[in-house]
Structure formats: C-alpha cells, structure tokens
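Me: Please take one strand of this model and look at it closely. I would then like to follow the contacts from there into the neighbouring parts.

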Amino acid sequence: MSQLPPEGGAEQPWRHAIARLPLLQGIDPQLIPVLEQQVEWFNLLGGATLFHEGDPGDALYIVTHGRLAVLRRSGEGGEVLLAEIGPGETVGEMAMVTGEPRSATVVALRDTTLGRLTKADFDALLERHPRAMLMLTRLVVTRLRRANVGQWSGSPDRSAVLLPASQGLEVRDLADRLAAALGRLGRAVSVLDHRCLGNSNEWFHGVEEAHDFTLYVADGGAVWARQCLRQADRRLAVADAALAPGPTAETWHQEPDGRRRPCDLVLLHERAGHAAVGAWLDHVQPALHCHVRAGNAADVDRLARLLTGRAVGLVLSGGGARGFAHIGALTALREAGVPIDLVAGASMGAIVGAGVAAEWDDKEMRSRMRAAFVDSNPLGDYTLPLVALVKGKRVADRLRQHFPGLEIEQLWRHFTCVSTNLTKGDLELHRRGPVWRALRASVALPGVMPPVVQRGEVLADGGIINNFPVQAIEALGRGPIIGIDVAHDRAFVADDEDWERPSLLRLFARGRQDRPGILRLLMRAGTVNGLGIARSGRAAVDLLLTPSLEDIDMLDWKAFDRAVAAGYRAASLALEGADHLAFISRD
C-alpha cells in the first residue's frame, strides 16, 4: 500500500471522485470540498489485501481506478467470491451501517487507487446530511441482492490481459483482432505490450481513462507479465486447443497469498482437433471459456461481447413437443441479426440449445429435430413399467446419433443444461462431459423414462426443479438474456370429470384429449414444481418470448410445423418492438 502525493497543478485521476459517488448524490455542494480534504488517497497493489473478514469496520473506501474482490470464507475452508468492486463504487459501507466487524475480506484484483474516509468523518457527514444514510442503505441492499443471485459488480471491465498459456504461443495477433472486434462495438481501444514496461501506475490509469478498453499483451517476460496482471481487470489465458498443457512453472492464475484469481480461457483452434479442451479446463479452472477458430471473425466478436458485458444469453424451457417452437423463434432471431453467445436449457429446450451451441443452422436444426422426434415416436419403446413406461433407448440412440462423441466443453458456444439430482434433491448443472448423456438426463422424466446414474447419483428431468434455468446464464453476468418459454400457458386440460368409473367403450369413444393418458399425466405432474420456479426466471430476462401453443399437446410430435410457425410468429412480433435493446443489431 502506497500513499499518493498531494495534488499539484496537474489534474489527478482521483480528483472530483467524491462528487460522483452515488451515495452522495443530492448532497449540499458546499460539503464536497470538505470531504475531499478528509479523504486519504493511496494505491493498493494487485494481490494485496485491503482488509480481512472480522477486522474492525473503521473506514469507507472509494475506488477510482482498478478493481477489488469481495471474498467470504466457505464451509470447506476456502473462499467464495461474492462481488467485484470497480471504479466509482465504494466498499466497506456495510460496517458503516451496522457498526459490526467486516463481514468479508477485500483484496485488489489489480493495482487500484482508493480513497479512505474514516468512520468518524463519515458519521460527521451523516449528522450534516442524513439523506446520505438512505442512499447508503439502498447501496447495501442492492449489493446483497446481487450477491444472492451471483451477480457481480455492475461496473464493467475496462481492461484485460492476454496471457499465453501454451509454451511459445504468440498472442499479439489475437490482441489486434480483438481490438478490431471491440472497435466494431464502438469502443476506443489501446493495445499495450512490453514496450510500456517501466511506466507508473498513473500513466497506465491515464491510458485507460483516454480509452474505452485497454488490452495488455503479456509478451515480454515475467516482469512485464506481472505488471500486466496487476493492471488488468480481467485475465484471459490463451491456449492451443489441440495441445495439452505442458509442465510449466507459470503461476499467473495464482497470487503469492495462494488465492486463485478469476480468469477466462480462450482456446485457439489454429489446427485440427480439440481433444485437449478438457485438460485446459482442469488446468486453468476458468470462470468461462471461449473457442476462437482460425480466420473466424464471429468467434472474436463473441469474445469481445463477453469481455464488455454485451454477450447475449439464450434460455430455452422444456415442454415436450411444444419445444419445437424454439426452432421457429431461433430463425427469427437470426434473421434480426441477434447473436447468441451463451445457451442454457431444460429438457427439450436443452436439446434444441445443444444444437444452437453446436452451430446447427436453420435447415440442419429442422432436419435433425424432425428425424429425431417426428418421423417416429421417440417414446414408443414401451416396456414393463418396473422403473418407467418406456426404455429410453430410442431417445439415447438418437442423441448419440446427432451428438456423436461430442463433449459439452467442445461446443462452439458456452452451453449449460440442467437435470434434477434426485440423490441430493438439487439442480444439477451440466457444463462438462458427453453431450448426449447430459441431454438424456435432462429429459428423463420420472415414471416416463429411466433416470441416468452418474457417479452413483440419480439424475432425472431438469424441469422437475427448474423448467426455465435463467439463473445458469444470469450468474455469469456477461450481458442481456433472451428467454423462450413454451410451457407458460394451459398445456394440460380435460373435459371428462368422471375418471373413477370409465368403461372401455367410453374410453375409446371419447378420445385422448379429454382423458389424459398416463404419459401426459406423468409429464405434467413431473414439471409442475419447475414451472413455479420458472415464473421468477421470466422476470429476470431482458426479452421474453412466449409462443401461443394452447392447441399443441406436449406429446403431439406431429405438430412440428405448427409449433415452429408459432415460435417464429412470437419472436418476430417481439423483435419489432425491441429496437431499443442493445443486443439487436441490424445491417
């Protein structure tokens, strides 16, 4: 920790930071110069600790440059990342409200400029301006809400470092391509390499202030690499997807205090093969990974959106045959020029979502889904119902056929599907492993299809707990979310009220629509709880699509074309009134 010198004649990066604080908006302007004199300004080096959990709450801190991590001890003896604090935000305000010791540990993710306002000075402020306590309370409540849903700071990243993880890998070309992609998003970008070594923190702050985004290229040895790590908001480990990690002494992902810092993984596909993807995920343990293929500008554009909080997430609900509506909605989204960067789904939505992540185009999506579910009944392999009504072999075989030998982590877009862990009684997130097996678990509705057993745990349909897994994308905090819910309306009705005394004659005469069969009963009953949780997920998306599917049954596989058309209509109508949304890009 180093104290900054008093201001001279030149403009300093921390000047006027007090006046911009959200909790002081509306304060008497005459108090601002007084507070500026009371604040002690200093630099905290990347990796250093500002305060520890349990320390006295003796001050409030103001971040003008850099980024802090808020950590709390977990039950397993490690630490959990609760939030990230960026420029223009404060930290330590909880103790100002409660008067209790620090509830978390705060460390610098990069070199950070801070202002320190003691509790005594802050209490004096409250006496003269009580409105500040209201603003402070709102700030605390907002931060707690973000922590509960896994959302990090609303302050976007403004810099990133590209770290070569594979021996001998050059990353300057990727940095230049990424800078061009950020430029297409309207960002003014600077690219800094080893020639900038030796400049002061204030010089780097000045470069970042003059640009919307700064890319640091760790290309000049250990000293420059450590400088980059201390300066950048986000770390990008860049690896060759075809070559497994080799023995290396690099510990760029870990600070001297033993903590692992958040890091994303960029997997370059300059040659054929991506068998090493899983090994790299184990080695780096990234928050997120992104594939970048040689000559593929769309991949670099996706990486730019992931870095700047502009990545578009897509969440697809389950719903049996009604899930075909997802296909039509996707066509409309593509026609509108909406990029899809992150995908999550449950049950049938998981299967369609996996096709999106595998980059099936509209024609391939329709052809594959028709072959798998329409040309013959996927649930037609009935068996003696000791475990389930159907064997599930048809579904498993078709999933293997359409995703042969493919691992989730190898999909071109980040993909998550959900199942219900009946052993733990909790939602299971599938982000690694064979695609077909994860999808088979996500559609394994109890009583209809046998569950999947994985590492001794029993997995069943994801819709049992959450039929619309928005949280799987929301927790990543990378941008807006589009949700398509095909199970929102009355998908299950009956006209016959005398179920207890049916005759065979009446059973065959009345037809199946007014007397739900056992398959329909089990499918609906198995997802009722998940539908309830889905209602809260619908409120969290930025654009919600709800195709009109009242006349399509969950088992009506022959309604393929009608469901696709309904999805297309719903998405087209919604997009007509969504021009103000940032993720809509039209040519």
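Reply: A suitable starting point is Leu-268, which is the bridge partner in strand 14 of Asp-240. The model is predicted, and local features are taken only at pLDDT of at least 70, side-chain atom pairs only at pLDDT 80 or more, while totals for chains, interfaces and linings use all residues. Residues are numbered from 1 along each chain as its sequence is written, and side-chain values use heavy atoms, with hydrogens and water left out.

Strand 14 spans residues 264-269. Strands are DSSP runs of E with at least two residues, helices are runs of H or I with at least four residues, and both are numbered from the N terminus. On one side, strand 14 is joined to strand 13 (residues 234-240) by five bridges, and the two run parallel. Strand 15 is also parallel to strand 14, with six bridges between them. Two strands are said to pair if DSSP finds at least two bridges between them. Leu-268 takes part here too, standing opposite Val-292 in strand 15.

All six residues of strand 14 are buried, where buried means under 20% relative accessible area, exposed means over 50% and partly exposed lies in between (1.4 Å probe, protein chains only). The cover extends to both faces: Asp-264, Val-266 and Leu-268 are buried on one side, and Leu-265, Leu-267 and His-269 on the other.

From strand 15 the path leads to a salt bridge, defined as a side-chain nitrogen of Lys or Arg within 4 Å of a carboxyl oxygen of Asp or Glu. Arg-293 and Glu-359 form such a contact, at 2.9 Å from N to O. The two partners are 66 residues apart: Arg-293 lies in strand 15 (residues 288-293), and Glu-359 lies in the loop between helix 11 (348-357) and helix 12 (362-373). Arg-293 counts as buried at 14% relative accessibility, whereas Glu-359 is partly exposed at 30%.

A second salt bridge joins Asp-341 to Arg-302, at 3.2 Å from N to O. It also links distant parts of the chain, with Asp-341 in the loop between helix 10 (325-335) and strand 17 (342-346), Arg-302 in helix 9 (residues 297-308), and the two positions 39 residues apart. Both partners are buried, Asp-341 with a relative accessible area of 1% and Arg-302 with 4%.

Helix 10 and helix 12 reappear in a third contact, in which Arg-334 and Asp-362 meet at 2.5 Å from N to O. Arg-334 belongs to helix 10 and Asp-362 to helix 12, so this salt bridge ties together parts that are 28 residues apart in sequence. Both side chains belong to partly exposed residues, with 32% for Arg-334 and 24% for Asp-362.

Strand 14 itself contributes to a wider arrangement. Asp-264 belongs to a network of salt bridges with shared partners, together with Arg-67, Glu-84, Arg-110, Asp-157, Glu-208, Asp-233, Arg-234 and Arg-478. In total, the model has 35 salt bridges by this rule.

Several names in that network recur around an enclosed space. A cavity is a set of points, on a 1 Å grid over the protein atoms alone, where a 1.4 Å probe fits but cannot get out, and lining residues have an atom within 4 Å of a point. There are eight cavities of 30 Å³ or more; a volume is the space filled by probe spheres set on the points, which are joined across faces, edges and corners. The second largest cavity holds about 80 Å³. Its lining includes Arg-110, Glu-208 and Asp-233, along with His-65, Gly-66, Pro-87, Arg-158, His-205 and Glu-209. By class, this lining has one nonpolar, three polar and five charged residues. Here Ala, Val, Leu, Ile, Met, Phe, Trp, Tyr, Cys and Pro count as nonpolar, Asp, Glu, Lys and Arg as charged, and the others, Gly among them, as polar.

Helix 6 (residues 201-210) gives the most to this lining, with three residues. Its buried residues are Asn-201, Phe-204, His-205, Val-207 and Glu-208. These residues lie on the same side of helix 6, because they cover an arc of only 160° around the axis, taken from the directions from the helix axis to the C-beta atoms. An α-helix has 3.6 residues a turn, so residues three or four places apart point the same way.

Methods:
On a 1 Å grid over the protein atoms alone, a cavity is a set of points where a 1.4 Å probe fits but cannot get out, and a pocket is an open set with protein on both sides within 12 Å along at least five of seven lines; lining residues have an atom within 4 Å of a point.
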